[in-house]
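Colleague: Could you walk me through this fold? I'm new to reading structures, so take it step by step.

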Amino acid sequence: MIGSSGRQDLDRDGGILLASKLNGREMDKLTHLADRHASGPGGRIFDPPAHLKTLLSTGFLGRIGSEILGETARPVRILLFDKTPTANWAVPWHQDRTIAVQERSPRPGFETWTTKSGVPHVEPPFDYIESMISLRLHLDDCGGDNGPLKIIPGSHRLGKLTDSDIRELSARQQSRTFRAARGDVLVLHTSIIHASDRAANPARRRVLHVDFSARDLPEGLEWAIGQF
């Protein structure tokens, strides 16, 4: 599905774009789901419908996760984005550092507890983030003027960076922008430094974003999305 050359590119750069493998009916179901749940910078789904469970387990996205992380790979966070003419935002350069869990249960190394959409979130030891991948399925075309995602290639190998480190890195290192067609999947190491600009010519830019992990959390903590 990805192949050895794709894996090499992903390991080197931290992100690759895969061509669409979903049919029109599957895409339409996801588009309708996005229209119900997407909320600007991110609507969260913790109990996915049956067709999304299939996509994330035995379907196209689940197979990508298993190919990269192994048979124990599972979705641990699901977001839906929708950048529109009336909800048009920029995201500065940053690393994703938090995970969603079922209950707040303090553990060594798990810090900065917050609550989002009524669900506890926490910053785990960074090796959890470094062992994860993120898949972004584009439900609309996303050209250069519609706020596509940008990464700093290779930054997933630099560990946890401070905000000042990220600003310095983004100022001196060339970024890569991923333009995508409807149905394309952007595969990322979750620890990659990334950003997106406000759309210069805003149109619908719906994206299904799914984080995958192959690791269990310490005893007393469970991923917010249960096994399915």
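Colleague: In what order do the six strands of the open sheet come?
Modeller: Keep in mind that this is a predicted model. The pairing in this sheet is antiparallel. Reading across, the order is β1-β11-β8-β13-β3-β2.

Colleague: And which strands are the edge strands there?
Modeller: Look for strands that pair on one side only. That fits residues 15-18 and residues 43-44, which are β1 and β2.

Colleague: Which residue in β11 does Gly-15 stand opposite?
Modeller: Four bridges join β1 to β11, and the two run antiparallel. β11 covers residues 185-189. Opposite Gly-15 you'll find Leu-188.

Colleague: What angle does the direction of helix α1 make with that of β1?
Modeller: Helix α1, residues 3-13, packs on the sheet and touches both β1 and β11. Its direction makes an angle with that of β1 of about 145°.

Colleague: Is Asn-146 buried or exposed?
Modeller: Asn-146 sits in the loop between β8 and β9. Among the residues it touches are Lys-83, Asp-141 and Arg-205. Its relative accessibility is 4%, and the cut-off is under 20%, so Asn-146 counts as buried.

Colleague: Which strands stand at the edges of the four-strand sheet?
Modeller: That open sheet has the order β4-β12-β9-β10, with antiparallel pairing. An edge strand has a single partner, so one side is left without a neighbour in the sheet. That gives β4 and β10.

Colleague: Which residue in β10 is opposite Leu-149?
Modeller: β9 and β10 run antiparallel, joined by three bridges. Across from Leu-149 stands Phe-178.

Note on methods
Residues numbered from 1 in each chain as written. Predicted model: local features only at pLDDT ≥ 70, side-chain atom pairs only at ≥ 80, totals over all residues. Heavy atoms only, no water. Pairing = 2+ DSSP bridges. Contact = heavy atoms within 4.5 Å. Axes fitted to C-alpha atoms, helices over the stretch in contact; angles between N-to-C directions. Buried < 20%, exposed > 50% of the residue type's maximum accessible area, 1.4 Å probe, protein only. Lists of a residue's contacts leave out its neighbours within four places in sequence.
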